[in-house]
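Me: Got a model open here and want to talk through its empty spaces and one of its helices. Can we go step by step?

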Amino acid sequence: MSLAAAAFYLKNKENLRSNREETMRSAGTIAGTIALGFALGVGLGPSSAARAEVTIAISCSSLGQEQELCRSGAEAWAQQTGNRVELISTPADANERLSLYQTLLAAGSPDVDVFQIDVIWPGSLASHFVDLGDHIPAEALQDHFDQLLANNTVEDQLVAVPWFVDAGLLYYREDLLEKHGRAVPKTWQELTETAKAVLEAERAAGASELQGFVWQGRAYEGLTCNALEWIASQGGGGIVDADGRVTIDNEQAVSALDLAQSWIGSISPRGILNYAEEDARGAFQSGRALFMRNWPYAWALANADDSPVKGKVGVAALPAGEGGKPAATLGGQQLAVSRYSAHPEEAADLVRYLTGYEEQKRRALEGSFNPTRRSLYDDEALLAANPFYGTFLDILESAVARPSTVTGRRYNQLSSEFVRAVHATLSGNGTAAENLTALGRALERLSRGGRW
Ligand code: GLC
């Protein structure tokens with residue numbers, strides 16, 4: 001992304017800043033009183049790190065309710081500490097967001113203090129972030145899943161704190177499965193057959209708009225997540241293994257892609273080749289799809305009061321390949337503090353607050369963003385709000401991570417090559433076997449003999 005394009009997002013920030021000032025003026029006195037409290041030395045617990053009022057700019061993604069919940073969380077911190085926050089809206093598309101961040105960070109820009117980063121980015125962006133282990137008390141960190149803390153630790157530095165964890169889920173229309181006497185599919189083959197049978201019956205009865213299965217088929221990071229699920233759940237591995245050896249050119253991967261290719265124009269619309277998360281959710285939530293693969297955030301929205309499918313939706317682990325085990329791709333977001341921030345202490349305090357128990361609970365209740373803190377999985381209120389909380393820990397246990405740790409800085413290139421091969425196959429541009437053989441060779445070259 002060019003600096004000029006990056007400036008667009010920062011300009012957006014200016015607008016938000018003035019909106020924020022408006023809000024501050026109207027909310028007025030509470031923040032003012034708290035700020036005065038600080039001036040008088042009346043600290044509010046750990047947040048007394050904030051000495052004089054500063055403005056912290058935070059960039060959040062915009063998938064579903066992300067912007068909204070990020071704003072309300074950051075504003076609550078601002079009110080508590082007497083500081084200000086600015087929200088920088090960034091694209092929901094992971095590739096576009098990474099490219100914006102790379103541009104800002106390469107320029108050493110102090111315009112963003114706190115970055116929301118994807119679980120796959122610590123390895124490639126680490127050098128631009130402060131070690132949060134130096135800024136956030138150990139007690140505030142110990143409840144997070146160890147795997148996530150390990151994922152975010154690069155050369156002994158904690159470059160980001162886990163914020164929410166994602167894993168691919170299967171959403172289905174309970175009412176339609178029941179009407180047609182069908183069970184929730186346990187294998188991809190079964191999903192294919194059920195979708196075909198229900199579509200045939202429903203379309204014959206006039207539901208011409210209905211689709212069988214919607215997912216993320218656009219050529220971007222989301223397709224890496226979907227294709228990895230088909231392949232890993234079929235026993236085809238994780239593109240490269242834990243030692244960095246390229247494993248993608250194998251028969252199970254070929255048969256997983258062959259099956260997915262058969263969905264296009266059959267149980268999935270041709271337009272799926274350009275679908276990201278929100279396109280799939282749009283189709284499913286408006287009642288135009290039987291099955292959907294998506295992240296947990298779609299649960300709260302599908303069951304919101306204004307959702308046409310409210311109360312008709314079920315959620316389950318993704319299907320497995322024949323003879324395989326379900327494998328949800330591990331996703332999720334972290335918060336990092338820029339090395340170029342003028343206020344690293346306050347920025348780290350905002351990260352501590354947003355990743356804390358209460359805020360993660362609020363986000364889980366309001367937006368079904370899954371906590372990264374173990375103790376929240378025993379919380380009664382959360383268990384009641386979210387039927388898949390009970391099983392989410394099992395889903396996480398069998399989740400498959402993208403190979404971003406072993407490939408470090410080269411992960412993004414690997415993912416782009418993978419997406420290219422998968423998207424070509426789905427589009428009918430070469431067979432799965434041909435495209436995966438070519439991909440295997442390209443990744444071998446990129447991996448420099450497994451050293452990456
Ligand atoms: C979600 C996940 C993230 C993944 C992205 C792909 O935002 O949290 O890990 O890379 O979707 O679209």
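Me: Which residue follows α11, and what's the sign of its phi?
Reply: Gly-287 follows α11, and its phi is positive, near 90°. Helices here are DSSP runs of H or I with at least four residues, strands are E runs of at least two, and both are numbered from the N terminus. Bear in mind that this is a predicted model, where local features need pLDDT of at least 70 and side-chain atom pairs count only at pLDDT 80 or more, while totals for chains, interfaces and linings use all residues. Residues are numbered from 1 along each chain as its sequence is written, and side-chain values use heavy atoms, with hydrogens and water left out.

Me: Which residues of α11 are buried?
Reply: In α11 (residues 277-285), Glu-277, Ala-280, Arg-281, Ala-283, Phe-284 and Gln-285 are buried, meaning under 20% relative accessible area with a 1.4 Å probe, protein chains only.

Me: What do they pack against?
Reply: The buried residues of α11 pack against β7 (169-173), β8 (211-214), α9, β9 (289-294), α12 (297-302) and β10 (313-316); contact is heavy atoms within 4.5 Å.

Me: Switching to cavities: how many of 30 Å³ or more are there?
Reply: The structure holds three. A cavity is a set of points on a 1 Å grid over the protein atoms alone where a 1.4 Å probe fits but cannot get out; a pocket is an open set with protein on both sides within 12 Å along at least five of seven lines, and lining residues have an atom within 4 Å of a point.

Me: What's the volume of the largest cavity, and which residues lie nearest its centre?
Reply: The volume is about 190 Å³, taken as the space filled by probe spheres set on grid points joined across faces, edges and corners. Its lining has 21 residues, with Leu-63, Asp-118, Glu-277, Trp-295 and Gln-333 nearest the centre.

Me: And the second largest cavity, which helix gives the largest share of its lining?
Reply: That's α10 (residues 251-263), with four residues. Trp-188, Trp-230 and Gln-234 are among the residues lining this cavity, whose volume is about 50 Å³.

Me: What about the largest pocket, how many residues line it?
Reply: There are 17, and Gln-147, Leu-148, Leu-330, Leu-396 and Ala-401 lie nearest its centre. The pocket's volume is about 400 Å³.

Me: Where does the second largest pocket lie?
Reply: Domain 1 (3-159 + 331-397) and domain 2 (169-329 + 401-447) both give residues to its lining, so it lies between them. The domain bounds come from an automatic or database assignment.

Key:
Buried < 20%, exposed > 50% of the residue type's maximum accessible area, 1.4 Å probe, protein only.
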